[in-house]
Amino acid sequence: MTVADLPKLELHIHHEGAAPPAFIKQLAHEKKVDLSRVFTPDGGYAFENFVHFLSVYEAASSVLTGPEEFARLTSAWLEESAANGVVYTESFISPDFCGGGDLGAWREYLAAIEEAAAAAERKHGITLRGVVTAVRHFGPQKSKRASLYAAETAGRFVVGFGMGGDEGQFAQGDFAYAFDQAREAGLKLTTHAGEFGGAESVWDALNDLNVARIGHGVRAIEDPDLIKELVARQITLEVCPGSNVVLGLFPDFAAHPIQALREAGVQVTVSTDDPPFFHTTMRREYEMLAQAFGWGVEDFAEINQTALRAAFCDEETKAVVA
Ligand code: ADE
Ligand code: ZN
């Protein structure tokens, strides 16, 4: 057995971002939408930088319509994740990408996703929980609606609220209303910070949104005081090394700060973010980390313990996946 065969917990994967390009290509073909600019000649997703990635992501997501297609997508990526040894995963699900409709429509999307997840759990032994997600560059107004929908559907499946999107737009604090509304509904909180925003963005996430986890957070390495704060508050980082390398934050895995963050005492976990976009899987992330830093079974066991502690699901679910 190699470390890549270990059971894995993944806390940071975007639902639409898990869609294989062939799946999106087929939907575009059926709907007669020209998405040729979204794909490379060899069938991957084509983008040149982070902002371009976000626009390709949105174009690909635009052909995903209706609860039934989201159910098919859920089944497909959960099967793939399970084949990579993932036993528990939390995905970002955005009302804005799920049709952008009213609360009734959102409930239908969610029910379809939940049903597909329950079937995948029976068939492949993988458990999914949802983190309802605002998209930062869609603005604070839409985030309020996303968090309202999150609050209205909070429960066993919807366990958290988060925010992704372009860190260059607006400030974390502009979304405080949405995060407060979600917190009051009992949801756990995470936001993307310290990916394309610097350490300042992570400070803002802590001070203005009071989140328990940070999506990425890797640029915290630029600020020793912030590292101390993350350690003191026991904030968990959802680190996605392969995503960071492909999007150009670091030249390769060996230059990635995950090891330095860990050595400084920060709680780190490992995820894929948008696996087909970044040509990665959880298995590959483990292999690359083992190669870059010499991590062995004990290191990954610690990473998975951290993920279990930081998971947003209830204790009963944790006991099942532990
Ligand atoms: N949405 C999907 N992937 C993302 C990323 N890496 N950063 C911000 N928003 C995203
Ligand atoms: Zn992400």
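Ala, Val, Leu, Ile, Met, Phe, Trp, Tyr, Cys and Pro count here as nonpolar, Asp, Glu, Lys and Arg as charged, and the others, Gly among them, as polar. The structure is a predicted model. On this basis, the shell around ligand 1 divides into one nonpolar, six polar and three charged residues. The residues of this shell are His14, Gly17, Tyr57, Gly164, Gly165, His192, Glu195, Ser243, Asp273 and Asp274.

The sheet comes next. Eight strands form an open sheet. Their order is 1-2-3-4-5-6-7-8, and the pairing is parallel. Strand 1 (8–14) and strand 8 (267–270) stand at the edges. Each has a single partner strand, so one side of each is left without a neighbour in the sheet. From one strand to the next, the twist averages 25°.

Within the sheet, strand 4 (residues 158–164) and strand 5 (residues 188–193) run parallel. Four bridges join these two strands. Methionine 163 has threonine 191, in strand 5, as its bridge partner. Helix 6 (residues 176–184) packs on the sheet. This helix touches strand 3 (127–135), strand 4 and strand 5. The direction of helix 6 makes about 155° with that of strand 5.

Helix 6 also packs with helix 5 (residues 140–153). The angle between them is about 5°, and their axes are 8 Å apart. Angles under 35 degrees count as roughly parallel. Helix 5 and helix 6 are therefore roughly parallel to each other. On the helix 5 side, the contact involves Ser143, Lys144, Ala146, Ser147, Leu148, Ala150 and Ala151. These residues meet Tyr177, Ala178, Gln181 and Ala182 in helix 6. By class, the contact of helix 5 with helix 6 has seven nonpolar, three polar and one charged residues.

A further helix pair is formed by helix 3 (residues 67–83) and helix 4 (residues 103–124). Their axes come within 8 Å and cross at roughly 30°. Helix 3 and helix 4 are therefore roughly parallel to each other. The crossing of helix 3 past helix 4 is right-handed. Helix 3 contributes Pro67, Glu68, Phe70, Ala71, Thr74, Ser75, Leu78, Glu79 and Ala82 to the contact. Their counterparts in helix 4 are Glu108, Tyr109, Ala112, Ile113, Glu115, Ala116, Ala117, Ala119, Ala120 and His124. The contact of helix 3 with helix 4 has 12 nonpolar, three polar and four charged residues.

Technical notes: Residues are numbered from 1 along each chain as its sequence is written. Chains are lettered from A and ligands numbered from 1 in the order in which they are written. This is a predicted model: local features need pLDDT of at least 70, side-chain atom pairs count only at pLDDT 80 or more; totals for chains, interfaces and linings use all residues. Axes are lines fitted to C-alpha atoms, for helices over the stretch in contact, and angles run from 0 to 180 degrees between N-to-C directions. Angles under 35 degrees count as roughly parallel, over 145 as roughly antiparallel, 65 to 115 as roughly perpendicular and the rest as oblique. A crossing is left-handed if the near helix is turned anticlockwise from the far one by less than a right angle, and right-handed if clockwise. Two residues are in contact if their C-beta atoms, placed from the backbone, lie within 7 Å. A residue is near a molecule or strand if its C-beta atom, placed from the backbone, lies within 6 Å of it. Two strands pair if DSSP finds at least two bridges between them.
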